[in-house]
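Dear colleague,

I am handing over the structure below, together with some notes on one part of the fold. Please read them with the model open beside you.

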Amino acid sequence: PRRQPARRRTAVLATVPVAVAALLGAAGPTAPGTTGAPGAGDPYFPFSGNGGYDVRHYDLTLRYDTSARRLDATAVLTARATQRLGRFDLDLKGLTVTAVTVDRAKAAFRRDGQELVVTPRHALRAGQDFRVTVAYHGTPKPVTDPDGSADGWIPTDDGAFVAGEPQGAMTWFPANAHPKDKASYDFTITVPEGRTAVANGVLLGQRTTGGKTTFRWRETQPMAAYLATASIGKFQVERYTTRDGVQVYNAVDAREARAAAPVLKKLPSVLEWESKLFGPYPFRAAGAIVDHAPDVGYALETQTRPVYDSAPDLGTLVHESAHQWFGDSVTLTAWKDIWLNEGFATYAEWLYEEQHGGRSAQQAFDSLYARPASDDLWAYPPGDPGSGENIFGTPVYARGAMALHELRRAVGDRDFLRTLRAWATGHRGGHGTTAQFVRLAEKTSGKRLDGLFHTWLYTPGKPDRA
Ligand code: ARG
Ligand code: ZN
């Protein structure tokens, strides 16, 4: 059953005496006002993320039995309290938690929907650094998103396809799972010998003993929880370093290898082309995980190393690669801004076609604009798609890209490309909002653009031709 929104729930608790609150299940010596919020305040996914602390680093140790589909894991989170905390939440859905410690002292915990509610022995001071260890196990299951798609830990016939956008991180590790909170990651993943476990960043090493192989991965650049992966399968592995010194690691399911090879060969040139347009590639590692997961139906730009449910076409490779700048390096602070990811990655596809002998971006725009007012493309404006159900809809991808094309027509190619590049470099490794992007475009071009963005991002229905 769905719980009440965070704010109302806290307000009710605050009005009852502490003793009654304890009876209601507020475990431990928690004084009112020292409880971290059970959500990050995003109306599209009210229980994603949490209040009261900021995670610096995740150290995830995972053992996965591919035939029993069982996960045995320990997560160590290094975090800093942003308020006094008698109690705080982590996001975790399903699975069995066996122990929680905070700074090595046993902590009380309980489960409440997708929240793992932790009560440390001693309240944490505002500004205090602390370490939470969670031991857990079970059979991870994906979540069903408001649009009916599945994300999170998705078992396959030989392992798992692991992609957490928008809310699936909580299906396999306890997290502050809102893109507002980025952190570095270490992964130690043990799988049966013959399987490969692929996460984000650089492979530190792998070792096989007693019929099991352990892979150690490290992502030092800040990463949102939804971009973490630990995909497992019978993969063919290819490794090399690009001219720019980026370490490439591709893992490809044998059933997809023939179709994937010609596209994956283009990865270095795609990254180089995007680096010229958007500024230096933001990460040290790159690559692809090409799985065979026929039920998934999408790819995800998992940081440094996108995961594909089957061999991608070139457009999809360009799209997921562009997300490394737009989404992964420059990250959303609210899901309503999703066009900053999907509109930009789609526009990168248009630019790629235009500069590689295909149709122009204007032609791409025109063929979309020709659609009748009744088309799904105009069903809602992309700048605030209204709910989690709409965030991966055509308006976000296509009309989002059209908004960028209208910006390009208004300011000219030079200022348009300068804006994209300044966006990627100025917010590198951090966050960005739509309002900040509009301000940057205005500053770069010296033009007033609020009308244009108001029309293309926020006005319902098919816009009139400018
Ligand atoms: N961001 C992905 C893309 O590149 C789409 C993710 C879709 N996720 C989902 N649960 N349907 O387009
Ligand atoms: Zn995308």
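Across which strands does helix 3 lie? In this predicted model, helix 3, which covers residues 257-264, lies across strand 17, strand 18 (247-253) and strand 19, and it runs at about 155° to strand 18.

These strands belong to an open sheet of 4 strands, whose order is 17-18-19-20 and whose pairing is mixed. Strand 17 (235-241) and strand 20 (307-308) each have a single partner strand and stand at the edges, so one side of each is left without a neighbour in the sheet.

As for strand 19 (residues 285-290), its pairing with strand 20 is in the parallel sense and rests on 2 bridges, while strand 18 runs parallel to strand 19 and is joined to it by 6 bridges. Ile289 appears in both pairings: in strand 19 it is the bridge partner of Ala251, and it also stands opposite Val307 in strand 20.

Strand 19 is also mostly covered, since 6 of its 6 residues are buried. In a regular strand, side chains alternate between the two faces of the sheet. Here Ala285, Gly287 and Ile289 point one way from strand 19, whereas Ala286, Ala288 and Val290 point the other way, and all of them are buried.

With best regards

Terms used
Residues are numbered from 1 along each chain as its sequence is written. Chains are lettered from A and ligands numbered from 1 in the order in which they are written. This is a predicted model: local features need pLDDT of at least 70, side-chain atom pairs count only at pLDDT 80 or more; totals for chains, interfaces and linings use all residues. Two strands pair if DSSP finds at least two bridges between them. Two residues are in contact if their C-beta atoms, placed from the backbone, lie within 7 Å. Axes are lines fitted to C-alpha atoms, for helices over the stretch in contact, and angles run from 0 to 180 degrees between N-to-C directions. A residue is buried if 20 or more other C-beta atoms lie within 10 Å of its own, exposed if 12 or fewer, and partly exposed in between; C-beta atoms are placed from the backbone.
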